[in-house]
Amino acid sequence: MTRVIKARHLFTALVAVLALVPPAASADAGSTPLPGHGHDDDQARWTGTWETAPSGTAPALPGASIRNVVHTSVGGSAARVRVSNRLGTAPLQLDAVTVALQEWNRPMSPNAAPGSLRVATFAGRRSVTVPVGQDMVSDPVDLPIPADANLLISVHTPADSGPATYHRSAFQANFLAREGDRTADEPGSAYTVTLDNWYYVTGVDVLGAPAAGSVVALGDSLTDGTGSTSSANRRWPDLLAARLRTLPAHRRLGVLNAGISGNRLLLENGGPSALTRLDADALSRAGVRAVIVLEGINDIKGTPEQTDPLAIEDAYRRIVERAHARGIRVVGATITPYGGYSAYTERREAIRLTVNAFIRNADLFDAVVDFDAAVRDPADPHRILPAYDPGDHLHFNDSGMRALADDIDLDELLP
């Protein structure tokens with residue numbers, strides 16, 4: 001496979017702090033750190049192990065308990081949970097949040113592993129009210145967290161708090177108990193409804209991970225996981241995490257998936273634009289050392305379409321400038337082919353090729369991963385290889401996701 005790697009600057013890594021982000025934050029606005037969550041001692045630092053990015057809202061589920069299933073990339077001695085009301089319109093009331101290990105090797109199960117369930121508190125209290133447009137982070141939860149494991153993050157909403165901040169396309173079975181606080185239930189028998197979404201929970205950090213920090217995958221549906229096997233953790237960021245776990249601790253990174261299906265660089269579509277959400281979903285997450293940017297195809301093929309490649313290139317510059325201001329490396333990923341997809345046109349293809357030439361040659365990014373070259377069909381470079389195509393000619397099946405993950409030079413994620 002072809003890789004284009006361009007060294008740029010070496011930056012001293014800063015441990016990023018979790019942020020309170022107003023819903024209408026401008027694309028270049030800074031973020032305000034949560035009280036009590038500044039820089040941690042090197043031997044007891046917090047590292048992001050899992051993330052999802054808020055993509056919109058859904059009707060509230062008052063009186064219900066929601067059991068979110070999330071997959072860790074690195075482990076640690078304790079956890080803390082981020083809950084979000086970033087896109088809500090009224091204060092969010094959660095009167096119970098729990099953390100547990102899912103019963104081992106049963107990704108479609110709502111059952112907690114016996115003895116693993118813990119109550120999460122917020123400033124010492126079991127209930128929390130999250131203001132409109134903000135995130136809240138729990139106190140440390142005393143539970144050893146394994147790497148490459150599923151956690152159950154259960155929340156109970158006692159009343160209608162208005163539209164629920166959620167992630168629409170989880171590609172993971174989650175569970176709903178329609179009535180009552182069932183967050184403390186180890187058996188999952190009350191969770192009779194399966195959900196395709198993550199509600200309210202948008203991040204998990206671990207304490208003292210054997211890792212040097214985390215890397216964020218900022219992207220659209222290609223990163224979110226469309227086309228991969230559901231409840232199997234075969235998105236390319238998951239497969240990247242598996243590769244990183246083979247490295248020594250001082251080179252290992254947690255992987256945070258900030259993909260949103262339909263996402264664009266410049267306009268709101270399928271959630272806030274990449275520029276609007278950059279601080280909240282990438283730069284302010286715990287321990288971030290690098291960001292991999294795979295964004296732009298929806299700007300090119302979406303409605304309204306972006307006909308000026310210079311606007312896309314300027315968005316990349318703004319992302320790099322803002323990341324570098326925090327000492328975070330940026331890896332640019334070329335935009336993958338989509339010939340045969342319903343929105344494909346020769347004019348749009350010309351824009352994709354122009355943008356890819358910029359990514360490869362502009363000397364903007366700290367490194368470049370050439371996803372386009374890794375997955376295109378040599379016999380028809382405007383299309384992805386048939387072996388990687390789930391049938392829509394845009395997204396990737398498990399083999400295609402593997403090709404993307406394998407094409408990343410792990411040595412380029414840290415200076």
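**Helix H2: its packing and the pocket**

H2 and H8 are oblique to each other, because their axes cross at roughly 50°, and an angle counts as oblique when it is neither under 35 nor over 145 degrees and lies outside the 65 to 115 range. Please keep in mind, as I go through this, that the model is a predicted one. The two axes come within 8 Å, H8 being the helix of residues 398-406, and the crossing of H2 and H8 is right-handed. On the H2 side the contact is made by Trp-236, Leu-239, Leu-240 and Arg-243, while H8 brings Asp-398, Met-401, Arg-402, Leu-404, Ala-405 and Asp-406. Sorted by class, the residues of this contact are 6 nonpolar and 4 charged, with no polar ones.

Let me turn now to the largest pocket, for which the computed volume is about 610 Å³. Which residues, of the 41 that line the largest pocket, are the closest to its centre? They are His-71, Asp-148, Ala-149, Asn-150 and Asn-233. As for the elements that give two or more residues to the lining, these are strand S3 (46-51), strand S5 (65-71), helix H2 (236-244) and strand S19 (254-259). The largest share comes from H2, with 5 residues, so to speak of H2 is to speak of both topics: H2 contributes to the pocket lining and also makes the contact with H8. By class, finally, the lining of the largest pocket holds 17 nonpolar, 14 polar and 10 charged residues, whereas the contact of H2 with H8 has no polar residues.

Terms used. Residues numbered from 1 in each chain as written. Predicted model: local features only at pLDDT ≥ 70, side-chain atom pairs only at ≥ 80, totals over all residues. Heavy atoms only, no water. 1 Å grid on protein atoms, 1.4 Å probe; cavity = no way out; pocket = protein on both sides within 12 Å on 5 of 7 lines; lining within 4 Å. Points joined across faces, edges and corners; volume = space filled by probe spheres on them. Helix = DSSP H or I, 4+ residues; strand = E, 2+ residues; numbered from the N terminus. Nonpolar A, V, L, I, M, F, W, Y, C, P; charged D, E, K, R; others polar. Axes fitted to C-alpha atoms, helices over the stretch in contact; angles between N-to-C directions. Left-handed = near helix turned anticlockwise from the far one by under 90°. Contact = heavy atoms within 4.5 Å.
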